[in-house]
Amino acid sequence: MKRKFLAALCAAVFLNGAQAQAPQAAGARPAAAKPKLVVLIAVDQMRYDYLTRFYSEYKGGLKRLVDQGAVFTQAYYEHMPTVTAVGHSIMLTGAMPAASGIVGNEWLDRETGKQVTSVSDTDVKALGADSRQGASPHRLLVSTFGDELKMSGKARSKVVGVSIKDRSAILPAGRMADGAYWFDKPSGNFISSTWYFDDLPVWVKLFNEKKAIDQWKGTDGYATMAETDHGNDVVELFAEAAIDGENLGRNGGTDLLTMSFSANDTVGHAKGPDSPELKAITLHTDKVLTRFFDFLDKKIGMSKVLVVLTADHGVAPLPEVSKGRKMPGGRMTEKTVLDAVEKALNEKYGEAKWVIGKSGPAPYLDHKLIASSKLELEEVQKTAADAVRNLPHISRVFLREELRRGLAPADYVGLRVQNGFYYQRASDLVVVPEPYWLFEAKGTSHGTPWNYDAHVPVVFMGPWVKPGKYSGRARVIDIAPTLADLLEVETPSGASGRVLNEMFAK
Ligand SMILES: [Zn+2]
């Protein structure tokens with residue numbers, strides 16, 4: 001059974017990459033010295049079209065990336081759910097959830113029966129804020145590009161991850177990172193965990209003590225600040241401190257810094273991709289990156305730095321905006337889906353707590369209860385799936401047991417669902433709404449396999465790449481193999497992308 005599942009999975013991944021399998025001329029490996037520092041910049045919830053729609057108003061870092069970078073105009077995520085943890089886990093592993101095990105922001109851990117997040121870890125302690133739960137990359141099953149840099153045995157490489165969100169700092173950096181740091185809103189500190197060290201490095205303590213970020217503090221402390229444009233200023237300032245504190249770019253080998261701007265996601269959720277607020281924070285990000293690139297230039301020299309820009313997912317328009325455009329779209333809630341499942345199972349098999357966990361609208365059923373009730377799991381899943389299919393504006397519903405056998409149809413939606421499937425952590429159903437339909441009562445969101453959630457920027461900038469627009473199909477899973485090839489280290493263990501060698505400078 002297990003072998004069959006693996007074979008099906010391989011087939012799905014192969015089909016998915018089929019258009020990229022044509023033989024290519026060997027990429028001319030640049031003769032220039034290797035980068036001293038690779039910087040991954042992730043903007044949370046940045047759709048590709050933000051690069052083009054706002055281009056005329058960019059004056060800083062984003063303009064520089066578009067003008068001087070290799071811009072992949074058709075780069076997609078090829079999985080579902082398109083959410084923060086999964087996107088960040090893919091950027092530098094090149095691995096689908098089917099390999100990495102990062103299947104969502106949260107899921108039900110079947111072993112403990114507890115709801116967990118992608119990075120929650122009861123075996124480690126938070127450092128920098130006493131009451132916080134520990135977080136680590138222990139659920140990430142594959143290596144990152146940073147891990148491969150370290151395992152290559154070449155000159156010492158340092159790897160550091162920075163973000164407002166824990167998962168966005170931890171997952172791109174990987175298991176062997178020297179440190180990942182995220183923001184603690186109550187204290188205004190950047191914190192970490194005992195996964196990395198027993199005590200915070202001195203430079204982190206000094207940064208927290210100095211409270212330079214208080215210049216952006218609001219009347220409510222740090223909460224609003226972290227979720228508006230100044231949240232990006234804070235990440236940038238801490239990234240500068242990390243470069244100084246860890247001597248990044250000046251350690252002899254190639255170092256890696258991953259930074260993720262979380263505030264853009266909060267603004268996008270509340271106001272939508274067509275709002276003036278979203279445009280304003282994107283223009284602010286452009287400014288923040290100017291400051292950051294100037295700092296890199298002064299400290300290391302931009303000719304020694306390779307910058308990669310991407311995002312963890314896109315976003316849907318507000319349904320109210322879609323309606324005004326005569327486009328489809330509307331709202332339902334996760335509760336509608338979960339209630340429909342409960343009701344159908346109660347009616348057919350008797351009153352009980354059948355749903356014991358969730359990942360977005362995807363239910364986790366109580367397998368012990370199903371077994372002790374002498375019911376067949378797939379039969380119960382079918383009953384649940386039929387109930388969800390009967391709800392309005394549901395496009396497709398997939399069963400865990402069907403996905404285990406690789407039975408998703410080989411069109412792009414089916415492949416994206418299959419790529420997002422990791423049996424041990426999977427929900428019992430995968431629910432795909434019709435395009436432009438949301439599981440939110442207000443604002444907007446992401447998570448579907450539709451292209452507005454999956455089409456993101458992929459830009460490389462540095463002397464190793466030929467600037468220009470590249471419109472051939474690319475995928476976010478291509479970033480990690482490309483970096484591994486350029487740096488001549490092993491390809492991360494779960495990576496299934498290709499090397500984007502058409503952009504390599506001669
Ligand atoms: Zn989001």
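Domain bounds here come from an automatic or database domain assignment. With that understood, good morning, and let me add that the structure I am presenting is a predicted model.

I begin with the domains. The assignment divides the protein chain into domain 1, made of 35-69 + 88-255 + 265-304, and domain 2, covering 330-438. Between the C-alpha centres of domain 1 and domain 2 the distance is 33 Å. Where the two meet, 12 residues of domain 1 are in contact with 12 residues of domain 2. On the domain 1 side, the elements that contribute two or more residues are α5 (97-100) and β4 (106-109). The largest share of that side, 3 residues, is supplied by β4. Sorted by class, the side of domain 1 that touches domain 2 holds 6 nonpolar, 4 polar and 2 charged residues.

I turn next to the sheet. It is an open sheet of 11 strands with mixed pairing, and the order is β7-β6-β10-β9-β8-β11-β1-β12-β19-β2-β20. The edges are β7 (133-135) and β20 (468-470); each has a single partner strand, so one side of each is left without a neighbour in the sheet. From one strand to the next, the twist averages 25 degrees.

Within this order, let me take one antiparallel pair. Strand β9, residues 179-184, pairs with strand β10, residues 189-193, in the antiparallel sense over 3 bridges. In this pairing W182 stands opposite I191 of β10.

Now to strand β12. How many of the residues of β12 are buried? The strand is mostly covered, with 7 of its 7 residues buried. In a regular strand, side chains alternate between the two faces of the sheet. In β12, V305, V307, L309 and A311 point one way, L306, V308 and T310 point the other way, and all are buried.

The partners of β12 are β1 and β19. Strand β1, residues 37-43, runs parallel to β12 and is joined to it by 7 bridges. β19, by contrast, pairs with β12 in the antiparallel sense, over 4 bridges. L309 appears in both pairings: L309 is the bridge partner of I41, and L309 also stands opposite V459 in β19.

Let me now consider the packing of helix α3. Two packed helices are described by the angle between their axes and the distance between the axes. For α3 and helix α12, residues 276-299, the angle is about 75 degrees and the axes are 6 Å apart. The range for roughly perpendicular is 65 to 115 degrees, and α3 and α12 are therefore roughly perpendicular to each other. Which residues meet in this contact? From α3 they are G61, L62, K63 and R64, and from α12 they are T285, D286, L289, T290, F292 and F293. By class, the residues of this contact divide into 4 nonpolar, 3 polar and 3 charged.

I close with helix α18, residues 412-419. Of its 8 residues, 6 are buried, and the helix is mostly covered. The buried residues of α18 are G414, L415, R416, V417, Q418 and N419.

To recapitulate, I have described two domains with their C-alpha centres 33 Å apart, an open sheet of 11 strands, and β12 with 7 of its 7 residues buried. I have also described α3 and α12, whose axes are 6 Å apart, and α18, which is mostly covered. Thank you for your attention.

How values were computed
Residues are numbered from 1 along each chain as its sequence is written. This is a predicted model: local features need pLDDT of at least 70, side-chain atom pairs count only at pLDDT 80 or more; totals for chains, interfaces and linings use all residues. Two residues are in contact if their C-beta atoms, placed from the backbone, lie within 7 Å. Ala, Val, Leu, Ile, Met, Phe, Trp, Tyr, Cys and Pro count as nonpolar, Asp, Glu, Lys and Arg as charged, and the others, Gly among them, as polar. Two strands pair if DSSP finds at least two bridges between them. Axes are lines fitted to C-alpha atoms, for helices over the stretch in contact, and angles run from 0 to 180 degrees between N-to-C directions. A residue is buried if 20 or more other C-beta atoms lie within 10 Å of its own, exposed if 12 or fewer, and partly exposed in between; C-beta atoms are placed from the backbone. Angles under 35 degrees count as roughly parallel, over 145 as roughly antiparallel, 65 to 115 as roughly perpendicular and the rest as oblique.
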